[in-house]
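New to this one? Let's walk through it together, one question at a time.

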Amino acid sequence: MARQKNLSPETVNAQALHQIDVSTGGITPAIHPSSTFLRDENYQLINPLHSYGRDENPGYAVAEKVLTELEAGASALLFSSGMAAAMAVVQSLRPGDHIVAPQVMYWGLRNWLSKFCDTWGLSLDLFDSTDPDALAKTIRKGKTKLVWIETPCNPTWDVIDIAAAAETTHAAGAWLAVDSTVATPVLTQPIKHGADIVIHSATKYLNGHCDIIAGALITAREDELWERVCEVRTQAGAILGSFEAWLLQRGMRTLFLRVRRASDSALTLAQHFDGHANIVSVIYPGLPRHPGHEIAKRQMDGGFGGMLCLQIKGGAEAALDVAKRCEVFTRATSLGGVESLIEHRHTIEGEGSPVPRDWLRLSIGIESVDDLIADIEQALE
Ligand SMILES: Cc1ncc(COP(=O)(O)O)c(C=O)c1O
């Protein structure tokens with residue numbers, strides 16, 4: 001079907017680019033479980049795009065095309081998890097390459113990089129993302145191949161200036177990868193700020209319903225790095241299942257509504273508890289005293305995201321007590337779903353976690369914000 005040009009991202013996303021299933025006229029895509037595809041009597045593929053299902057699953061097309069458009073990129077790939085997406089980027093490097101990443105970032109990836117870079121012949125240096133000069137000091141011209149940033153980053157919600165990071169990274173001849181899981185394309189489009197590649201744990205906001213594990217990469221251009229990333233997915237096989245791909249494209253259709261609602265509610269909740277007698281501090285980039293607020297105002301469009309932390313008066317025990325007494329918030333790890341989650345991040349990350357023990361991490365969902373506030377209020381009493 002012909003498509004009007006210059007549609008807003010909300011329209012593009014809600015209609016999933018108006019991709020009609022041409023074989024049936026279905027206005028939602030079919031699920032494609034087939035692992036292999038027919039060849040004709042001359043041994044030519046019936047459809048040259050599909051030979052073997054490891055990574056030529058027709059069910060990826062909708063989500064990949066929509067993500068490419070939403071992130072203003074050149075191409076996108078789905079993966080079996082956010083970690084698999086990140087791994088595809090790391091595995092596309094060559095022995096001897098140097099990676100720079102922030103000290104505060106998704107702990108699972110930081111742990112993996114710290115433990116396994118050696119095994120792959122890679123080296124790693126972590127930088128303090130609250131110091132604007134730290135990246136330039138950590139990067140090694142000619143040696144650093146990949147700069148990895150996450151913004152807002154887990155769980156301090158520090159905001160990194162993507163455009164500044166891109167300038168420093170490119171001056172050193174490296175690629176900039178941005179984990180934009182928390183911001184989503186609704187609030188930030190890293191490629192427009194100079195990123196080379198965008199990563200999502202699609203498990204989170206993109207899908208939005210805590211019912212799949214998935215990941216995605218979006219590239220600014222189909223360059224050498226992207227070619228290698230594509231090969232890693234094809235050969236290494238960290239692919240998304242057919243049903244998960246279908247759920248993802250379905251969940252994504254409400255992305256704008258969910259993210260805007262979560263963002264608005266997170267701001268309301270953060271403002272409500274800022275200065276509360278039983279709270280030491282509310283950590284949220286939407287609050288003017290958050291160190292990343294000014295960058296967030298420039299870089300995030302239409303909200304500051306649905307993630308925040310509360311530092312509870314009385315230490316770890318008091319924080320765990322608050323989590324215990326919550327009745328509307330669900331005690332579980334993860335983020336970005338329609339239901340609000342509360343977690344004691346230090347417990348989740350375990351010994352050695354840099355997250356203070358008196359912090360509780362909240363993922364705000366789409367419930368009534370009054371119910372969410374009342375729940376924390378009664379838990380704090
Ligand atoms: C910011 C961020 N990036 C990446 C990941 C990894 O994603 P997945 O759990 O889908 O592998 C997570 C998971 O919590 C995350 O929060």
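What follows is a set of questions and answers about this predicted model.

Q: In what order do the strands of the seven-stranded open sheet lie?
A: Let's start with the edges: β1 and β3 (123-127) each pair on one side only. The pairing across this sheet is mixed, and neighbouring strands are turned by 20° against each other on average, direction ignored. Reading across, the order is β1-β7-β6-β5-β4-β2-β3.

Q: Which residue of β7 stands opposite A76?
A: Strands β1 and β7 run antiparallel, and five bridges join them. Within this pair, the residue of β7 that stands opposite A76 is I218.

Q: Which residue in β3 is the bridge partner of I99?
A: Here the two strands involved are β2 and β3, which run parallel and are joined by five bridges. Look along β3 for the partner of I99 and you land on L124.

Q: How many of the five residues of β2 are buried?
A: Take the two sides in turn. In a regular strand, side chains alternate between the two faces of the sheet. In β2, H98, V100 and P102 point one way, I99 and A101 point the other way, and all are buried. That makes β2 largely enclosed by the rest of the structure, because the number of its residues that are buried is five of the five.

Q: Which strands does helix α4 touch where it packs on the seven-stranded sheet?
A: Helix α4 covers residues 107-116, and its direction makes about 140° with that of β3. The strands it touches are β2 (98-102), β3 and β4 (144-150).

Q: Is L122 buried or exposed?
A: L122 lies in the loop between α4 and β3. Leaving aside neighbours within four places in sequence, L122 is in contact with V90, L93, R94, D97, I99 and C117. One of these, R94, is 28 residues away along the chain, yet the two C-alpha atoms are separated by 7.4 Å. With a relative accessibility of 5%, L122 counts as buried.

Q: What span does helix α8 reach from its first C-alpha to its last?
A: α8 runs over residues 224-236, which makes 13 residues. At 1.5 Å a residue, the expected value is 18 Å, and the helix comes close to that: it reaches 18 Å.

Q: Within what arc do the buried residues of α8 fall?
A: The buried residues here are L225, W226, V229, V232 and R233. An α-helix has 3.6 residues a turn, so residues three or four places apart point the same way. On the face turned away from the buried side, you'll find the exposed residues E227 and Q235. The buried residues of α8 line one face of the helix, because, seen down its axis, they fall within an arc of 115°.

Q: Which strands of the seven-stranded sheet does α8 touch?
A: What covers the buried residues of α8 includes two helices, α2 (61-70) and α3 (82-91), along with strands. The direction of α8 makes about 30° with that of β1. Packing on the sheet, α8 touches β1, β5, β6 and β7.

Q: How does I239 count: buried, partly exposed or exposed?
A: Just after α8, G237 takes a positive phi of about 80°, and I239 has its place in the loop between α8 and α9 (242-252). Not counting residues up to four places away in sequence, I239 touches G53, R54, D55, Y60, F79, S80 and R233. Its C-alpha is 10.0 Å from that of Y60, although the two are 179 residues apart in sequence. At 24% relative accessibility, I239 counts as partly exposed.

Q: Which are the edge strands of the five-stranded sheet?
A: This open sheet has the order β8-β9-β12-β11-β10, with mixed pairing. At one end, β10 is joined to β11 (residues 341-343) by two bridges, and these strands run parallel; there, T330 stands opposite L341. The edge strands, each pairing on one side only, are β8 (279-283) and β10 (330-331).

Q: What is the hand of the crossing between α10 and α14?
A: Helix α10 (residues 255-273) packs on the five-stranded sheet, touching β8, β9 (307-312) and β12 (359-363). It also packs with α14 (residues 369-380) at an angle of about 35°, with their axes 10 Å apart. Among the residues that meet are S265 and L269 in α10, and V369 and L372 in α14. The crossing is right-handed.

Notes. Residues numbered from 1 in each chain as written. Predicted model: local features only at pLDDT ≥ 70, side-chain atom pairs only at ≥ 80, totals over all residues. Heavy atoms only, no water. Pairing = 2+ DSSP bridges. Helix = DSSP H or I, 4+ residues; strand = E, 2+ residues; numbered from the N terminus. Contact = heavy atoms within 4.5 Å. Axes fitted to C-alpha atoms, helices over the stretch in contact; angles between N-to-C directions. Expected span 1.5 Å × (residues − 1). Buried < 20%, exposed > 50% of the residue type's maximum accessible area, 1.4 Å probe, protein only. Arc of directions from axis to C-beta. Left-handed = near helix turned anticlockwise from the far one by under 90°.
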